[in-house]
Amino acid sequence: MTEAYAPRHVPELRFSPEDFAILNEVQDGIVEDSRSWLLNLDANALSLKSGFEELLCLPLVRGLRKYDFQIKTALKVLRELRGRAILADEVGLGKTIEAGLIAKELMIRGLVRKVLILVPASLTEQWRDEMQEKFGIPFEVTDEVEDWARHDRLICSLDTAKSPRHSVNIEGITFDLVIVDEAHKLKNRLTLNWKFVNGIRKKYLLLLTATPVQNDLEELFNLVTLLKPGQLGTWGQFKKRFLAAGDKRMPKDVGDLRGLLFEVMIRNRRGNVLTLPPRRAHLARITFSPGERRLYDEVTAYIRSRYPRLDRKEASVNRLALMILQKEVGSSSFAAAATLRRLSESEQFTFEEREQLSRLRDMAVSVDRHEKGGKLVEFLGKFDDKVLVFTQYLPTLSYLDGLLKQEGFSHSLFHGGMDAWTKEESVRKFKGDAKVFLSTEAGGEGRNLQFANKLVNYDLPWNPLRLEQRIGRIHRVGQERECQIVSFWTERTIDEYILELLDKKIDMFELVVGELDLILGSVEDRRSFEEVLMDIWSMESEAERRRELERFGGELLDAKKRYAAVKSYQEGLLGSSLAVEGST
Amino acid sequence: MPGVVRYEIPPERRAALNAAVLRVTFDPALAEKYDGVELLTPGSLLLDRIIEDASSRGHHCVAIVQAGDESSEREVLAANLSFRNATPEVSSSKRDLVPYMLFTFRITLITDEKTELLETVVLNCDSLREHQVRDMFFEEALALPEEPLTGKRDIRPVYVAACEEMEKRIGAVVADCRESARGRLTEEEQRIKDYFAGLAREAQVSKYPEQAKAAIEAYSAEERKRLEEAQLKYSLDARVRLVGVRTIMVPTVKMAVLLTGRKKGREIELQYDEVSLEIPPPRCDACGTEMKELGLCDEGHLVCGECERKCAVCDRVSCQACAENLRVSDKCAQCGRLLCELHAVRDDFGLGVYCPDHTTECPSCGKKASGSFVARCGRCNQRYCFLCVAAKEKSCGTCRSLTGVSADNADVARVKSQSAFAGKFGKWKAARNRKFTIVEGRAMLAKRTFVLDMEGQLVWEG
Ligand SMILES: [Zn+2]
Ligand SMILES: [Zn+2]
Ligand SMILES: [Zn+2]
Ligand SMILES: [Zn+2]
Ligand SMILES: [Zn+2]
Ligand SMILES: [Zn+2]
C-alpha cells in the first residue's frame, strides 16, 4: 500500500506518509500486545496541546521564581497579541523571563522551531546561559556565517547580524520567532538597525526594552511600526492625529494613543506588581596597616611611572597586567603577591623592571597585618545571619578561606574554577548550615541566594555592573527582608575615586538593579568605565587627577539626569495603562 | 520519597529512553527538590521521549469479543426495528466472527495557534459501515483470537472508509479553525495594505516623480513581504496521522428476514453483533438514510417514512425507487391527499389533479369538473360543470330543457309514489341527462322540482 489517501471532504487535510508503514504492518498481520497499543493511545492523548488556556511550560521551568504578572504577560502576548509584542516592563521585573516563557511555550506547542535572539554583544553569553539554565532551551551564539544554516536557535549581536556578511545569509531564512533585547536601539526607522530587523521574515516578534520612548513620540511610532505596520498609521497620519504643531513629545490625545498601544505593548511597573524590601548601604572605612600602606603606595608609584607611557594598542598586555595589579593590591597583599611574582618572571619586562617587581613582591609577602581581614572577622562576629562575601581574586579568596577556618566560621567556597556539581554542593551547604558564602564574581550568575540578606564587598570592583550584579544576588524578587550591603573601602586608595563616582554622582547604592545600565549606556566614552578609572588614577599630578575625576563625574551626573528625564517622560506618557494588572 | 516513583525500564526500551532506571514524579516541586528526579509533565523532555517511544510501537493489536447473554433473533429484531406495511419473519440465521477495525487518528491543526484532537472510528470490515465506539473496544484484557487472523483481506478500502468517516466528523472543527484564523488574517492584511497605500500616497504628494516612483516600488516590495509573513502565520496547516489500529473479531449473527407486504414480498439481510445486540439500521432503498422503522412498497422496496407514498383512495404503496409509472406521485389540488395514477383525476378545464371525492362528472355534458369549476343548479340543486349552469337563470341545461309530459308518465308516477307533496300538482314537465331525470310539477301558485336517479329513486325534491 503506497498510494496516499486523498481527502474528500476537508481538502486541507494532509495525511502522514507514515500511515502507510502502519497500514502495511496491519496488512501483513503484524500484531503487538494490546498493552503497547493502549500505551501508544494514552501517550498521544497525553501529548495533545490545544489553545493557550494555560502555560504548559510552567512546571518545566525549574529553579525560577515566576510571578503572576509574568505569567499573565506571557498569556496575554500569546492569546491576545498573537505573539507580537513590545515587552516594556520597568527594569528589574524580568523581561527576559517573560520572553523565555513565551518562547518555551511556543516551542513546546510546536508552533516555533527557528528562533533568533538579537542582543547587544556583551549580553550574548548571558542570554545563552539564561535560556539554557532557566528554560532548558539550548541556543548557539553565532560565530560564523555557516551557523545560520546549521542551527535552529541562534543568539547573535545586532551589530554582527546586520553586517553584510551575515545579513545576506539571514535574508533567505524565515524565523518563527525573533526576540530583540534592548529594542530601544531600533527607535529610528532610518537606521540600519531598524531596517535590518524590519527586513527579517518572521512570524512572532518580541521587542524588549525598558525605555520604549526616550525623547519623542516618533521613537514609539517606529518601534510599533516595526512590530505591526499600520497600527499607528503612516508617520504622516500619526503626526496629523496625535502631534500638536511643534511638539513631538506629548500626544494630543493620550487616551487614544494608549488604546492603540494596548494592542501591542505590555509595560508592568514595579509598584504595581512587586515591592522589594528596602536595602541599606554601609561604607566601612579601612585604614591599611603600615606594611599594607607601604606596599600599596609603592605599587601605585611604580604603576604611575609605567602605565601612562605604554601605548594603548601595542603594549596592551602590559597595560592590562598593570591594571589588574592595581586592582589586586587593593584587594589583598596575597592577590598582589601572586601577580607580582608572575610579572617579575615575565619576558615582557626589562631586567631592571623585573628587579623592581621582584622587590615589590618580597614586600607583599612580608605584609604581616591585614586590616580588612580583621574587619571582616569583626563584622561576621556581630551577626547570626548568613552573609555573602565577595572578592574578585582567588588568592584573596584562599586567604579568607584560611582565615575563616582559623576563626571557626562555617563557610562554603564558590569560584569559577569549580565544576557544576561542586558549585551546586557549595550553594547547598550555604543553604544548609554554613554561615558565610565566600565567592568570586563567578558566584554571581544565575543562582538564587536571596535567602541571605547580608552582603560584604570585600573589594570594590571597578566595573559598576559587577557591583550591581553582586547586589542583585540578594536584592531581587523573592527577597523578604531588608538587605544590608557593606562595602569595604580603604582610605587614600582608588576606592575613594570609585565611591566618588558611583556613590556621590549616580547614587549607585540607591538604584534599582538594571537601572545602572540605562544610565551608563548614555555616557559617550569609547573607553570602559575601568579604563577611564585607570587613566585618571595613573595620572602623575594630584591636581590633574582631581580635575579629570571632576570632569568624568560631571558626565555621569548628566547621564543620571538624562535617565531621570526619560523616566519621567515615559511615566507621563504611558503610566500604568499598559500593565497586565493594576491598570485603570 | 513520597510522590516519586522508581521505574525500572525493560531492557529493550533502555536505549530509546537512554536510561535503565528512572525516578519520576508528576510534582514539579519534588522534581526541583530532588536531584535526578525527572518531571513528567506536558512538554518535559522525558515525557516527550516516553511519548515518542510509546508511539513508535503499539500500532496494531487484535482482540476477540465474547458474546453476551443469549437472545433469540426475533427478540433482537423486535427490539431494534419496527415495520410498516409488512410483517417480518426470520427465515434463516447463522453465527460468524466478523472483523471490525478501530482506527485512531491524531489531527493537528496549526494556524497562529494549535488545536489537536484524537478521533476514533470503528468500522465493520465486511460492510464498511461505521460502528458506535464502545468503551469495551479499548479494554486491555480482551481475549486474543484462537487462530491467527488469516484470510488476507485488502485493508485499503477499510482505511479509506475510516478516513472518510473521520473527515466528516472533524469537518466542523477544521472549518472553525480555518475561519477564525482567516478573520485574523484579513484584519492584518487590511492593516498592512492600508499602511502601504498611505505611504504610497504620501510619497506621491511629497516627492519628485522619479523619487516617488522608486519609493513606491520599495514600499510594494516590503508590503509583499509583510503580507507573506501574515499568510505564513495564519494559514491553516492541517495534518492527520494514524496512531494505531485494533482489529476486533466480533461474534455476529447474520440473518435473512422475509418481509411480507400487501403485494410483493422482500428478503433482507440483517446482522448484529452479540455484544451490543444492536442491528445497524438498514438504509432506505430510495434515499439511503438509515431507518429504524422500515416500510415496504408494493414493488418490494424497503423504504423510510419520508420516501413512502400511499394512495388515499386505494392504499397502494409506492416509493421513489419504484418505476415512475408505478409511483403514487400526485396530490389532490384541493385536499392534498396522495393519489395513485388510477385515482388522480385530471379535470377537463385544466385546473389540475383532483381526487375522486373532489371531482364532479357533469351530469349534463359529461366533463370532469373540480374546484371552482363546479356549480350547483338553482332549480334541481345538483352539481354540474360551471358551463352547464347558465349564469342568469342559475339553472342547468337539463332544467332549461324541461318539456311537458302527461300526468301518467312513468317518471311522474315514480315521483308520485315516493313524494307526499306530488299529489297536488296538475301539470308536469320532465327532462333527463346522464345521471338524473328531472321532473317538475306545477299548480296555480306552486312549483316543485324532483330529481330521480338512473334507478328511478327520488334523490332530491324542493
Ligand atoms: Zn427514504
Ligand atoms: Zn388509488
Ligand atoms: Zn417501490
Ligand atoms: Zn380531494
Ligand atoms: Zn356540464
Ligand atoms: Zn338543474
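These are my notebook entries on three zinc sites, a small sheet, a helix and one arginine in this predicted model.

**Ground rules.** I number residues from 1 along each chain as its sequence is written, with chains lettered from A and ligands numbered from 1 in the order in which they are written. For this predicted model, local features need pLDDT of at least 70, side-chain atom pairs count only at pLDDT 80 or more, and totals for chains, interfaces and linings use all residues, while side-chain values use heavy atoms, leaving out hydrogens and water.

**Entry 1, zinc ion (ligand 1).** I looked up the protein donors and found B:Cys284 (SG), B:Cys287 (SG), B:Cys304 (SG) and B:Cys307 (SG), 2.1 to 2.5 Å from the ion. Donors are N, O and S atoms within 2.8 Å of the metal (3.2 Å for Na, K and Ca); water is not among the atoms, so sites may look incomplete. The angles among the 4 donor atoms run from 98 to 119°, and the site is tetrahedral; for four donors that term asks that all angles lie between 85 and 135 degrees. Along the sequence I read the spacing C-x2-C-x16-C-x2-C. I noted B:Cys304 as buried because its relative accessibility is 6%, and B:Cys307 as buried at 7%. Buried means under 20% relative accessible area, exposed over 50%, and partly exposed in between (1.4 Å probe, protein chains only).

**Entry 2, zinc ion (ligand 2).** Here I found B:Cys311 (SG), B:Cys314 (SG), B:Cys340 (SG) and B:His343 (ND1) coordinating at 1.7 to 2.6 Å. The arrangement is tetrahedral because the 4 donor atoms subtend angles of 97 to 130°. The donor spacing is C-x2-C-x25-C-x2-H. B:Cys311 is buried at 1% relative accessibility, whereas B:Cys314 is partly exposed at 30%.

**Entry 3, zinc ion (ligand 4).** B:Cys332 (SG), B:Cys335 (SG), B:Cys355 (SG) and B:His358 (ND1) hold this ion at 1.9 to 2.7 Å. I noted angles of 91 to 126° among the 4 donor atoms, so the arrangement is tetrahedral. The spacing reads C-x2-C-x19-C-x2-H. B:Cys332 is buried at 3%, and B:Cys335 is partly exposed at 32%.

**Entry 4, a sheet in chain B.** I followed an open sheet of 3 strands in the order β5-β11-β12, with mixed pairing. Its edge strands are β5 (82–84) and β12 (302–303), each pairing on one side only. Strand β11 (293–296) pairs with β12(B) in the antiparallel sense over 2 bridges, and B:Leu296 has B:Leu302 as its bridge partner. Two strands pair if DSSP finds at least two bridges between them; helices (H or I, at least four residues) and strands (E, at least two) are DSSP runs, numbered from the N terminus.

**Entry 5, helix α8 of chain B.** In this helix (410–418) I found B:Asp411, B:Val412 and B:Val415 buried. They line one face of α8(B), because they fall within an arc of 100° seen down its axis; the arc is that of the directions from the helix axis to the C-beta atoms. Their cover includes β25, β26, β27 and β28 of chain B. B:Asn409 caps the N-terminal end, with a side-chain oxygen 2.6 Å from the backbone nitrogen of B:Asp411.

**Entry 6, A:Arg285.** I found A:Arg285 in strand β9 (279–286) of chain A. Beyond neighbours within four places in sequence, A:Arg285 is in contact (heavy atoms within 4.5 Å) with A:Lys375, A:Trp489 and A:Glu491.

Conventions: Tetrahedral: all angles 85-135°; square planar, octahedral: opposite > 155°, others 65-115°. Polar contact = N/O pair within 3.5 Å; in protein donor to acceptor, adjacent residues only side chain to side chain.
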